[in-house]
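The exercises below are each followed by a worked solution. Please read each task with the sequence and the model at hand before turning to its solution.

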Amino acid sequence: MSPLPGANRMEQLVESIAERVVNLVLDAIDINAIVAQVDMDAVLSKVDVDSIVSKVDVDGLIDRVDVQKIIDRVDVDEIVSRVDVDEIVSRVDVEKIIERVDVEKIIERVDIDSLVQQTELGTIIAHSTSGIASEALDVVRAQGVGLDDFIARWVNRILRRSSADWPAGPEKLLEVPPAPVPSLPAEVSPS
Amino acid sequence: MKPPTPADIGRQGNYAGAVTRLVAFAADIGASWGIFTLALAGLGFAINLVTGKQVNLTSRQILALIAIIIWEFVYFAYQWALGGKTIGMALLGIRVVATDGDPITPKQAVIRTVTLPLSFLLFGLGFLGILLNKDRHALHDRLAKTVVVYSWDARAARLRWLAKQEPVPPA
């Protein structure tokens, strides 16, 4: 309670006047016009965004977000239809991608035997090679190789030795092992 | 007919074994003797045609021996120097290369041909290395610094064989 009589009424009067004045001033001011005059870049440059961001609990924020719901709302077809695939493809360095591909490994996965038997490739190969003579030669050679192995095995057995560590042939003539696949740069490698 | 087995696939560059080398050598002896005999018969026929005289080397054995030795030297040395393989070796799908895998040089071809008879000495002991050594060196291989390797594409041979079979419906 105020010590002077009538002070309360005076106070109320002043408050109502101030309230009225503020309302009148606010009505008179065009906020949008003022905002339009503000140099937002200058304002933002003074703001320490890092400091603000560092205070934000991003993990907590993400935990609250229902990503599935967002994805459900996304019209992928609509997005894809807007994407200029040709433009993206033209930016891709195909040569670089091919360099990273281990072709040897891919070929190893291909069952060439079944490919030859199941496709026209077999007919093409059959037509492209000579007939009985080469077939007979192949068989004679194959039998020779088989007998070579058989004798080598028995010699090793008699001498009680293993040829597992022996070189199969001169290094230059043996098949070169596939080169290791270069690892992807950190920024594109999957996490 | 039995196909080349999967174990035979991809043998290019591997050291060739004793049986293949022996069969190739036998084929070479047959081929060189066949060519020599035909050439001799042709020469005798030509001499007979021109001079009317009969040429018979059986009565001149030393001359025949020298002719055969020279011919065998030319037969092997020339073919090895040319492409690392003789007729017999080409048939069996093997070839001679330097120990490091490089093509054989004419010098190596000559050394190999000259030293080949040495491997026959002492009941063919020089050939034992083909069975016993890890790089299947015979004595003449060691002296000429050469090795014999498979040169035929066993994989292509298998594909050729498969291609001739009835197509199998996909599983």
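**Exercise 1.** Determine which residues of helix 1 of chain B are buried, and state which elements they pack against.

Solution. This is a predicted model, and local features are read from it only where pLDDT is at least 70. The buried residues of the helix are B:Ala18, B:Val19, B:Thr20, B:Arg21, B:Val23, B:Ala24, B:Asp28 and B:Ser32. Turning to their partners, these buried residues pack against helix 13 of chain A and, within chain B, against helix 2, helix 3, strand 1, helix 5 (128-132) and strand 2. As a check on geometry, the 34 residues of helix 1 of chain B should span 50 Å at 1.5 Å a residue, and this agrees with the 48 Å between its end C-alpha atoms. Just after the helix comes B:Gly52, with a positive phi near 80°.

**Exercise 2.** Describe the largest nonpolar core: how many residues does it have, and which have the most contacts inside it?

Solution. The core comprises 31 residues, and those with the most contacts inside it are B:Ala16, B:Trp80, B:Ile94, B:Val97, B:Val148, B:Val149 and B:Tyr150. Two or more residues come from each of the following elements: helix 13 (132-158) of chain A and, from chain B, helix 1 (18-51), helix 2 (61-83), helix 3 (87-92), strand 1 (94-98), helix 4 (106-124), strand 2 (146-150) and helix 7 (154-164). As general background, nonpolar side chains tend to be buried together in soluble globular proteins. To follow one residue of the core, take B:Ile94 and leave aside its neighbours within four places in sequence; its contacts are then B:Ala16, B:Thr20, B:Arg21, B:Ala24, B:Lys85, B:Met89, B:Val148, B:Val149, B:Tyr150 and B:Ser151.

**Exercise 3.** Characterise the packing of helix 2 of chain B on helix 4 of chain B by angle and axis separation, by handedness and by the residues involved.

Solution. The two helices pack at an angle of about 150°, and their axes are 8 Å apart. The crossing of helix 2 of chain B past helix 4 of chain B is right-handed. On the side of helix 2 of chain B the contact uses B:Phe73, B:Phe76, B:Ala77, B:Trp80 and B:Ala81, while helix 4 of chain B contributes B:Pro106, B:Ala109, B:Val110, B:Arg112, B:Thr113 and B:Leu116. Sorted by character, the residues of this contact are nine nonpolar, one polar and one charged.

**Exercise 4.** Set out the make-up of chain A and of chain B, and give the share of buried residues in each.

Solution. Chain A has 13 helices and zero strands, and 5% of its 191 residues are buried. Chain B has seven helices and two strands, which run α-α-α-β-α-α-α-β-α from the N terminus; of its 171 residues, 36% count as buried. Among the contacts in chain B between residues at least 6 apart in sequence, 66% join residues at least 24 apart.

**Exercise 5.** Is helix 1 of chain A largely in the open or buried, and which residues of helix 13 of chain A are buried?

Solution. Helix 1 (residues 7-28) of chain A has 22 residues and reaches 31 Å from its first C-alpha to its last, close to the expected 32 Å. Because the number of buried residues among these 22 is zero, helix 1 of chain A lies largely in the open. In helix 13 of chain A, by contrast, A:Asp138, A:Arg141, A:Ala142, A:Gly144, A:Val145 and A:Asp148 are buried. Helix 13 of chain A has 27 residues and reaches 39 Å, close to the 39 Å expected at 1.5 Å a residue, and A:Arg160, which follows it, has a positive phi near 50°.

**Exercise 6.** Locate B:Arg136 and B:Lys145, and decide whether each is buried or partly exposed.

Solution. B:Arg136 lies in the loop between helix 5 and helix 6 (139-144) of chain B, and its phi is positive, about 50°, although it is not a glycine. Because B:Arg136 has 23 C-beta neighbours inside 10 Å, it counts as buried. B:Lys145 lies in the loop between helix 6 and strand 2 of chain B, and it too is not a glycine, with a positive phi of about 55°. B:Lys145 has 16 C-beta neighbours inside 10 Å and therefore counts as partly exposed.

Notes. Residues are numbered from 1 along each chain as its sequence is written. Chains are lettered from A and ligands numbered from 1 in the order in which they are written. A nonpolar core is a set of buried Ala, Val, Leu, Ile, Met, Phe, Trp, Tyr and Cys residues joined through C-beta atoms within 7 Å. A residue is buried if 20 or more other C-beta atoms lie within 10 Å of its own, exposed if 12 or fewer, and partly exposed in between; C-beta atoms are placed from the backbone. Helices (H or I, at least four residues) and strands (E, at least two) are DSSP runs, numbered from the N terminus. Two residues are in contact if their C-beta atoms, placed from the backbone, lie within 7 Å. Axes are lines fitted to C-alpha atoms, for helices over the stretch in contact, and angles run from 0 to 180 degrees between N-to-C directions. A crossing is left-handed if the near helix is turned anticlockwise from the far one by less than a right angle, and right-handed if clockwise. Ala, Val, Leu, Ile, Met, Phe, Trp, Tyr, Cys and Pro count as nonpolar, Asp, Glu, Lys and Arg as charged, and the others, Gly among them, as polar. The expected span of a helix is 1.5 Å times one less than its number of residues.
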